[in-house]
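Subject: Structure for your review

Dear colleague,

Please find below the structure that I am handing over to you. I would be grateful if you could read the notes under it alongside the coordinates.

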Amino acid sequence: MPSSTVIRIQRAPSINRNNYSNTNDDKKHTLSMFRLFIHLLDYIYLFNINIFLHVLLLLKRIFKFFSGFLSFVFVSLCGSRKKLIQFQSVKYYTCPLQPLSLHRLHFLPRKILVLDLDETLIHSHHDGLIRAVTGKPVGPPDFIIPVEIEKHPVRFFVYKRPHVDYFLEIVSKWYELVVFTASMEIYGAAVTDKLDNNRNILSRRFFRQHCTLESGTYSKDLCVVNNDLSRIFILDNSPVAYRSYLFNAIPIKSWFFDPTDTCLLSLLPFLDALRFCRDVRSVLAMNLHLHRNLTMTNPNSLITQVLPSSTS
Ligand SMILES: [Mg+2]
């Protein structure tokens, strides 16, 4: 019994040591596995972070590329939008005149259409100095005019009103065209040359020196162009410019940058019909309500004018 007891006593510690050793090994193994797992996680984490950063960088480059591409497309489209609108297939269908109409025109003197430049046919600004106007330039200017003002070189960036070329082409067949601008000759002549484009339809020109300075503003005396007021009228965005000739004026909305403007096109049917009247004042006097603000501020401006009795 004692021996068996001893054996039990001797065996018991050996069993415990083995268990302890196995337990330690297990713990070490578990710890090493855990460490390995942690390292693995670290590697995976670092690997994923690297991948994530690379993906972010790639996305950034893709976004940058597409934003640049879209900007390029947008700028190109904006630049060509005005041209697309200006050169779209808008046509004013001129029907052949009846013999009676031709006969009537034959006995009527050719009328004179006086054209303003700024904000009527074109809009311009110089050397990046854009005036506080509604809208922004759509695309590049149609042409740039380098001039020298008071010994300083100045570049004017000129934008043509939509359909201006077509308008000039059509009305030049109906009227004698005259440019009358309150701008300086060095600028006005260069702009007119560009609009004329060697067609020789804008050969008569009047500039600031031909205007009358009244109350700090320039007005245009149509008698400087022609004394016969029955056959001369002006197209101008500024009522002040023709304040003495309200019966000889067609007002037009000021134009700055709107590429969808169709004011010039809308005038063609009216101008087509106006060439058949004997006295332009008999028709244009009916526009008096359009100059209401001007007549209210200057009621005496109409006294000097004589409204024709004939309406034909
Ligand atoms: Mg003007």
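The notes below describe what was found in this structure.

Please bear in mind that this is a predicted model. The chain has 312 residues, of which 21% are buried. Its secondary structure consists of seven helices and 10 strands. Among contacts with a separation of 6 or more, 71% join residues 24 or more positions apart in the chain.

The N-terminal part carries an annotation. An unreviewed UniProt entry gives residues 36–56 as a "transmembrane region". In the model, this span is 100% helix and 0% strand, and its end C-alpha atoms are 29 Å apart.

Two sets of paired strands may interest you. In general, the strands of a sheet are held in pairs by backbone hydrogen bonds, in either a parallel or an antiparallel arrangement.

The antiparallel case is an open sheet of three strands, in the order β2-β4-β3. Its edges are formed by β2 (122–126) and β3 (143–149), each of which pairs on one side only. On average, and ignoring direction, neighbouring strands of this sheet are turned by 30 degrees against each other. Five bridges link β2 to β4 (residues 152–160), and Ile122 has Lys160 of β4 as its bridge partner. Helix α4 (residues 185–196) lies across β2, β3 and β4, and runs at about 160 degrees to β3.

The parallel case involves β1, β5 and β6. Strand β1 (residues 112–115) pairs with strand β5 (residues 176–180) over four bridges; here Leu113 is matched with Leu177 in β5. Strand β5 is also joined to β6 (residues 204–206) by three bridges, again in the parallel sense, with Arg204 of β6 as the bridge partner of Val178. Helix α4 appears here too: β5, α4 and β6 together make a right-handed β-α-β unit.

Finally, which residues touch the most other members of the largest nonpolar core? That core comprises 41 residues, and the ones in question are Leu113, Val114, Phe233, Ile234 and Ala249. Leu113 is therefore worth locating twice, as it is also the residue bridged to Leu177. Leaving aside residues up to four places away in sequence, Phe233 touches Leu113, Val114, Asn248, Ala249, Ile250, Val280 and Leu284. Leu113, Val114 and Ala249 thus appear both in this list and among the core residues named above.

With kind regards

Note on methods: Residues numbered from 1 in each chain as written. Predicted model: local features only at pLDDT ≥ 70, side-chain atom pairs only at ≥ 80, totals over all residues. Core = buried A, V, L, I, M, F, W, Y, C linked by C-beta atoms within 7 Å. Buried ≥ 20, exposed ≤ 12 C-beta atoms within 10 Å, placed from the backbone. Contact = placed C-beta atoms within 7 Å. Helix = DSSP H or I, 4+ residues; strand = E, 2+ residues; numbered from the N terminus. UniProt positions renumbered as here; feature names shortened; annotations may be inferred. Pairing = 2+ DSSP bridges. Axes fitted to C-alpha atoms, helices over the stretch in contact; angles between N-to-C directions. Right-handed = clockwise from strand over helix to strand, strands pointing away.
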